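Student: I should like to learn how a ligand site is read from a model. Please take me through the pocket and then the contacts.

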Amino acid sequence: MSECVFCKIANGEISSKKVFEDDNFFAIKDIHPISEGHALVISKKHFETILDFPISMGPELISTIKEVSLKVMKEVGATGFNIVQNNFPDSGQLVPHLHFHIIPRKKDDGVKLN
Ligand code: 5GP
Ligand code: ZN
């Protein structure tokens, strides 16, 4: 997947500040945040959508999402968060490499999810 931006970030071809990293996942801040602290949990391996993702990696994924969510919520003083995950262009998926948006929320913050 030589042209995939998240593969390039995963393999270091594009430098990034990772807020989390283990063997199979990493997390970075979204370049266009829709709330303060908006982060992306990204699989290191290229899967296009969640349909390609092995069920066996599910527990590690949930654990990673929980860890990153708690970290960014604490960092920005959020009192809630949304998890958003788009599959295929017609859902709004812009980067065809599996990722989960962690969107920290605060009361009456006016954030609109689309
Ligand atoms: P999607 O619509 O595919 O679910 O969302 C892709 C997200 O990736 C968008 O929110 C976009 O701002 C973010 N993004 C795209 N390219 C980059 C990049 O090079 N660096 C970072 N940090 N975020 C990116
Ligand atoms: Zn990729």
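Student: Where does ligand 1 sit?

Tutor: On a 1 Å grid over the protein atoms alone, a pocket is an open set of points with protein on both sides within 12 Å along at least five of seven lines. A molecule sits in a pocket if more than half of its atoms lie within 2 Å of its grid points. In this predicted model, ligand 1 sits in the largest pocket.

Student: Which elements give two or more residues to the shell around ligand 1?

Tutor: They are helix H1 (5-10), strand E2 (25-29) and strand E5 (99-105), where helices (H or I, at least four residues) and strands (E, at least two) are DSSP runs numbered from the N terminus. H1 gives the most, with 3 residues.

Student: Which residues come nearest to ligand 1?

Tutor: A residue is near if one of its heavy atoms lies within 4 Å. Of the 16 residues around ligand 1, Asp30, Gly92, Leu94, His99 and His101 come nearest.

Student: Which polar contacts should I note?

Tutor: A polar contact with the ligand is a pair of N or O atoms within 3.5 Å. The side chain of Asp30 places an N or O atom 2.5 Å from a ligand 1 oxygen. A backbone N or O atom of Gly92 is 2.7 Å from an oxygen of ligand 1, and one of Lys29 is 2.8 Å from a ligand 1 nitrogen.

Student: How much of ligand 1 does the protein cover?

Tutor: By the Shrake-Rupley method with a 1.4 Å probe, the protein covers 82% of the 520 Å² that ligand 1 has accessible on its own.

Methods
Residues are numbered from 1 along each chain as its sequence is written. Chains are lettered from A and ligands numbered from 1 in the order in which they are written. This is a predicted model: local features need pLDDT of at least 70, side-chain atom pairs count only at pLDDT 80 or more; totals for chains, interfaces and linings use all residues. Side-chain values use heavy atoms; hydrogens and water are left out. A polar contact is a pair of N or O atoms within 3.5 Å; within protein, one must be able to donate a hydrogen and the other to accept it, and residues adjacent in sequence count only if both atoms are side-chain atoms. On a 1 Å grid over the protein atoms alone, a cavity is a set of points where a 1.4 Å probe fits but cannot get out, and a pocket is an open set with protein on both sides within 12 Å along at least five of seven lines; lining residues have an atom within 4 Å of a point.
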